[in-house]
Structures are given as C-alpha cells and as structure tokens.
Amino acid sequence: MIFLTEKMHDYMKTNVARIRDFRAIRLLVSVAMLMFVGVMARADETVPREFNDGVFIYQVINEEDKTCQVIGVVQGGIDHVGKYLTLPGKVMDESDTYSVKRIVCCHIDISSSIPIKKLTISEGIEEIVANSFGDIDVSSVAFPNSLRMIGKKAFYDGGCIEEFYLGENIEYIDDGALGSSIWGLSRVYVNSQVPPTIHRYAFRFDYYRAPNKDYMIKKYCTLYIPKGSYERYINTEPWNQFGKIEEIDFSSIDGVSVDEATEMLKVEVRNGEVSFPGLAADERIEVYSMDGRMVYGGTNRPVSLPK
C-alpha cells in the first residue's frame, strides 16, 4: 500500500489538471484547423475563374457548358477599340471558346476613353443586370434578338444615348433601365410584333429628382415598330405614351446603319487569310468558323482561316 503525503497529493492534482487542460487545448486547435481547411476548400470550390480579352473581363459561369459573364472592363482597353464597340457573344480563353450569357458590370470611364459612336451587344447574350453600364458615353446601342432581360437602371444616365435597337425576344425591361437624368434619347426601335413587357418607367427621365412622377421620355422620342403592329402598341401602356409612333420595314434595319454596314463588308481573302481593309487597325474584329467556333477576337489584322 502506498501512502501519499498531502503535498504529493496536491502536486498530482495540479499536474492532472494541467494535462487535461493541455489535451483540451490540443482538441480545440485540431477542430479549428479542420474548420479552416474546410472553409478554404469551400472557398476554392466557389471562386469562379476569371480571364480577359484585352477589353472586357469575364467570369466563368459553368466550365462544363463553357458559359461566362462580363464583370468588368480592362483598364485602358476601351481606348483602342475605335468608335464602334462590340461586346462579343463568344470569347476565347487559350484554346477554349466560351459563350457570353450575361452582362453584370461594364462601367466605362467616360473621362478616360474616347466617345463611342455605337455599342453592339452580340447574339447569344441573354441578360443585362441592374446598373451594368451606368453613364456610358455612347450614341447608339443595339441589342441582339437573344436578349431577354434588361435590369433596373442598366443604362441609366447614359445622357449621350440617342437611340436604342431592341430585338424581337425581349421579355422585360425594368425601371429606369433605358432612362436618363439628362435628356438625349430620341429614337427607340422595337423589332417585335407583340409589345414587350416593360416597367412603367423603363424609359424614365429624371429618375433621381422625380422618382414618383410620370417623367417617361415620351414627347421628345419616336417609337419605331414593325409594320402591322401599330394597333397593339397604341393600346399597350406605356408604349402608347411615346410622342410619336411609326411603322417601318425592319428587314433593312438590324441596328447597323448603311454607312457602317458598307464599311464592315470590305473583306479580302488572300493566301488563306481574311482581312478587313475598311476598318482601322485599332478596331476590334471577330472571325468565326462555319460551326460557330471563334477563330480570332481582337484588334484588326489578317487572320488565318481554319482548314
């Protein structure tokens, strides 16, 4: 039988408590490390990959179906595209081609870039989210037939915008999406026999100073619609609030002026290369194969044709 003195008993109690505390600390540290590793692993899984083409910044939506969205503009990239800016529907990242489905952010610093005569949103893009473009300095904007949604104030305060071209599949245009606090819009082209559903103030004028008043751009703006659709538009709000509504033949209008179309159609093919002598060297071009794959996207230069 072993007898312990009171002093030895107290010593053992103290050390046992220390051992227990040490084990508890080790357990807490281990749990914390596991939680940190788990968080890092989830972070790696949820951070989408980004890339750029020298003009726009893209974020991958889905790697399997090769889709992406526009999330920004490369600093200084707009300065080299010329007066016609095209937001591509397909873009290459190394050897892979991605389809652009959505525009999340495309703010262009109007103080540092040259004025853009025309912005063309390419086929394939389906949605423009709220506040995407802001006070972009551009005269004309053409939307593709693939576009379905334009979010709240997407182009609001684009005071220099004079005209919009809307495709036939637009489903909804939200509050102030094509409005402005500076009057400038004078022409809206809608290539749809059925009036699209839009917010009452989609073309709002003076959104911030009078948000609850009917300040729709109407007296100063002409609405152009397909032949045979006048009765539908004149009986549908707020389309019937435009100052003037005219029916036209859209077969000769596709968001491209005659002068611009003539310039873009100057194409030469020699020695297996295609070139565009009618375009400036700093203007952006896109070349596609017959199966819809992008062969080249960048500034104007001769491009080798796929064999």
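Trainee: In the hairpin of E1 and E2, which residue takes a positive phi?

Mentor: In this predicted model, the hairpin of E1 and E2 has 3 residues between its strands, and a positive phi near 95 degrees occurs in that hairpin. Strand E1 (residues 50–52) runs antiparallel to strand E2 (residues 56–62), with 3 bridges joining them, and Glu 50 stands opposite Gln 59 in E2. The residue that takes the positive phi is Gly 54.

Trainee: Over how many bridges do E2 and strand E3 pair?

Mentor: Strand E3 covers residues 67–73, and its pairing with E2 is in the antiparallel sense. One position of the pairing places Tyr 58 opposite its bridge partner in E3, Val 70. The number of bridges over which E2 and E3 pair is 6.

Trainee: Which residue in the hairpin of E2 and E3 takes a positive phi?

Mentor: This hairpin has 4 residues between the strands, and the phi in question is near 55 degrees. The residue lies in the loop between E2 and E3 and has this positive phi although it is not a glycine. Its relative accessibility is 25%, and since buried means under 20% and exposed over 50%, it counts as partly exposed. The residue is Lys 66.

Trainee: With which residue does the side chain of Lys 66 meet in a salt bridge?

Mentor: The N to O distance of this pair is 3.7 Å, which falls within the 4 Å allowed for a salt bridge. Lys 66 lies in the loop between E2 and E3 and its partner in strand E6, so the pair ties together parts that are 30 residues apart in sequence. That partner is partly exposed, with a relative accessible area of 30%. The residue that meets Lys 66 is Asp 96.

Trainee: Where does Glu 94 lie?

Mentor: Glu 94 is a residue other than glycine with a positive phi, near 60 degrees. At 76% relative accessibility, which is over the 50% limit, Glu 94 counts as exposed. Its place is the loop between strand E5 (90–93) and strand E6 (96–103).

Trainee: How many residues apart in sequence are the parts that Arg 187 and Glu 162 tie together?

Mentor: The side chains of Arg 187 and Glu 162 meet in a salt bridge at 3.6 Å, N to O. Because Arg 187 lies in strand E13 (residues 187–190) and Glu 162 in the loop between strand E10 (149–150) and strand E11 (163–166), the pair links separate parts of the chain. Both partners are partly exposed, Arg 187 with a relative accessible area of 24% and Glu 162 with 36%. The separation in sequence is 25 residues.

Trainee: How many salt bridges does a search of the whole structure find?

Mentor: One of them joins the side chains of Lys 244 and Glu 246 at 3.0 Å, N to O. Salt bridges that share partners also join Arg 49, Glu 63, Lys 66, Asp 93 and Asp 96 into one network. The search of the whole structure gives a total of 11.

Trainee: How many residues are in the largest nonpolar core?

Mentor: In soluble globular proteins, nonpolar side chains tend to be buried together. The members of this core that touch the most others are Phe 56, Phe 133, Phe 143, Ile 150, Phe 155 and Leu 178; contacts of Phe 155 beyond four places in sequence include Leu 119, Phe 133, Phe 143 and Leu 178. A second, separate core of 7 residues includes Val 274, Phe 276, Leu 279 and Tyr 296. The number of residues in the largest core is 52.

Trainee: How many disulfides does the structure hold?

Mentor: A disulfide needs two cysteine sulfur atoms within 2.5 Å. For Cys 106, the nearest cysteine sulfur, that of Cys 105, is 7.3 Å away, and Cys 106 is buried, with a relative accessible area of 1%. The number of disulfides in the structure is 0.

Trainee: Which residues does Gly 228 touch, not counting residues up to four places away in sequence?

Mentor: Gly 228 sits in the loop between strand E15 (222–226) and helix H2 (230–234), and at 52% relative accessibility it counts as exposed. One contact partner is 35 residues away in sequence, with a C-alpha to C-alpha distance of 7.6 Å. The residues touched are Gln 193 and Glu 247.

Definitions and conventions:
Residues numbered from 1 in each chain as written. Predicted model: local features only at pLDDT ≥ 70, side-chain atom pairs only at ≥ 80, totals over all residues. Heavy atoms only, no water. Buried < 20%, exposed > 50% of the residue type's maximum accessible area, 1.4 Å probe, protein only. Helix = DSSP H or I, 4+ residues; strand = E, 2+ residues; numbered from the N terminus. Contact = heavy atoms within 4.5 Å. Pairing = 2+ DSSP bridges. Core = buried A, V, L, I, M, F, W, Y, C linked by side-chain atoms within 4.5 Å.
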